[in-house]
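My notebook is open, and I am looking things up one at a time. Come along and check each entry against the picture.

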Amino acid sequence: MVSIRRAKVDDLLAMQHANLCCLPENYQMKYYFYHILSWPQLLYVAEDYRGKIVGYVLAKMDEDSAEKKEKKHGHITSLAVLRSHRKLGLATKLMKAAQWDMQDTFKAEYVSLHVRRSNYAAFRLYTDTLGYKIHDIEAKYYADGEDAYGMRKFFKEDGDHAVEKVTRAVEDVSINDSKDKEEGDVTHDLDGNGNTIE
């Protein structure tokens, strides 16, 4: 059983550890603190039944949008799930949680991210599962010289967001029901496809 929940300051070391285990792009602790102090609504973790952090999403709002006269938007800084917990839909759930709060709390019109051109699995997640589109290609974006796809997903206020709102409400009800039945259990039970089990 795995729970998706908003991150707390106490989770930051475990998030950094997951980042070091999974990704070549690593950050100093002050960068995690900057995110959680500035946008606490946009950091989520996946926690297993023992309380171990097995994945996270680190996201933010673009601070330069107003100065550049761009549409208000969020950005996914980093996403990671430990190898032992992949293929459970956790990355999708973490992304959707952050995207939800970008829209609901910050009224973002779209979300952006960068992904390595060689990271085919992540590219498929973003395009096929989450609906991102390539916006541009940034040459030598990464420290090792690899190019990145700059990707964006535009939010549709009346369509996707309304459906997501209903889905989230249903999930909240099932979470509360399961809490009542088994005190102290993990909030989301996931099947092999990452769906909540009733």
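**Entry 1: a surface patch**

I looked for a nonpolar patch on the surface and found Val9, Phe33 and Leu37, which together have about 290 Å² of accessible area. I noted how patches are made: residues with over 30% relative accessible area and no salt bridge, with like charges joined within 9 Å and nonpolar side chains (Val, Leu, Ile, Met, Phe, Trp, Tyr) within 5 Å. Accessible areas come from the Shrake-Rupley method with a 1.4 Å probe, and for residues only the protein chains shown count as cover. A salt bridge is a side-chain nitrogen of Lys or Arg within 4 Å of a carboxyl oxygen of Asp or Glu.

I then picked out Phe33, which lies in helix α2 (residues 29–38). Phe33 counts as partly exposed, at 33% relative accessibility. For the cut-offs, buried means under 20% relative accessible area, exposed means over 50%, and partly exposed is in between (1.4 Å probe, protein chains only).

**Entry 2: what I am looking at**

I reminded myself that this is a predicted model, where local features need pLDDT of at least 70, side-chain atom pairs count only at pLDDT 80 or more, and totals for chains, interfaces and linings use all residues. Residues are numbered from 1 along each chain as its sequence is written, and side-chain values use heavy atoms, leaving out hydrogens and water.

I looked up the secondary structure of the protein chain and got five helices and seven strands. Helices (H or I, at least four residues) and strands (E, at least two) are DSSP runs, numbered from the N terminus. From the N terminus on, I read the elements as β-α-α-β-β-β-α-β-α-β-β-α. The protein chain has 198 residues, and 43% of them count as buried.

**Entry 3: the sheet**

In what order do the strands of the open sheet stand? I traced β1-β2-β3-β4-β5-β7-β6, seven strands with mixed pairing. The edge strands are β1 (2–6) and β6, each pairing on one side only. The twist averages 25° from one strand to the next. Two strands pair if DSSP finds at least two bridges between them. I also wrote down a general point: strands of a sheet pair through backbone hydrogen bonds, either parallel or antiparallel.

I started at one edge, where β1 and β2 pair in the antiparallel sense over five bridges. There, Arg6 has Tyr44 in β2 as its bridge partner. Next, strand β2 (residues 44–48) is joined to β3 by four bridges, again antiparallel. Ala46 is partnered with Gly55 in β3. The hairpin of β2 and β3 has four residues between the strands, and in it Gly51 takes a positive phi near 90°.

Strand β3 (residues 53–61) is mostly covered, with eight of its nine residues buried. Seven bridges join β3 to strand β4 (residues 73–81), antiparallel once more, and Val57 has Leu79 in β4 as its partner.

Then I moved to β7. Why is strand β7 (residues 148–154) called largely enclosed by the rest of the structure? Because five of its seven residues are buried. Strand β5 (residues 110–116) runs antiparallel to β7, with seven bridges, and Ser112 stands opposite Arg152. Strand β6 (residues 133–138) also runs antiparallel to β7, with five bridges; here Asp136 is partnered with Gly150.

**Entry 4: salt bridges**

How many salt bridges does a search of the whole structure find? I noted nine. In general, side chains of opposite charge can pair when their charged atoms come close.

Arg5 forms one with Asp11, the closest N and O atoms being 2.8 Å apart, and both residues are buried.

Asp101 pairs with Arg6, again with closest N and O atoms 2.8 Å apart. This pair links distant parts of the chain, with Asp101 in helix α3 and Arg6 in strand β1, 95 residues apart. Asp101 is buried at a relative accessible area of 4%, whereas Arg6 counts as partly exposed at 38%.

Glu25 and Arg116 meet at 2.6 Å, N to O. Glu25 is in the loop between α1 (12–22) and α2, and Arg116 is in strand β5, 91 residues apart. My last note is that salt bridges with shared partners join Glu25, Arg116, Asp144 and Glu146 into one network.

Notes:
Axes are lines fitted to C-alpha atoms, for helices over the stretch in contact, and angles run from 0 to 180 degrees between N-to-C directions.
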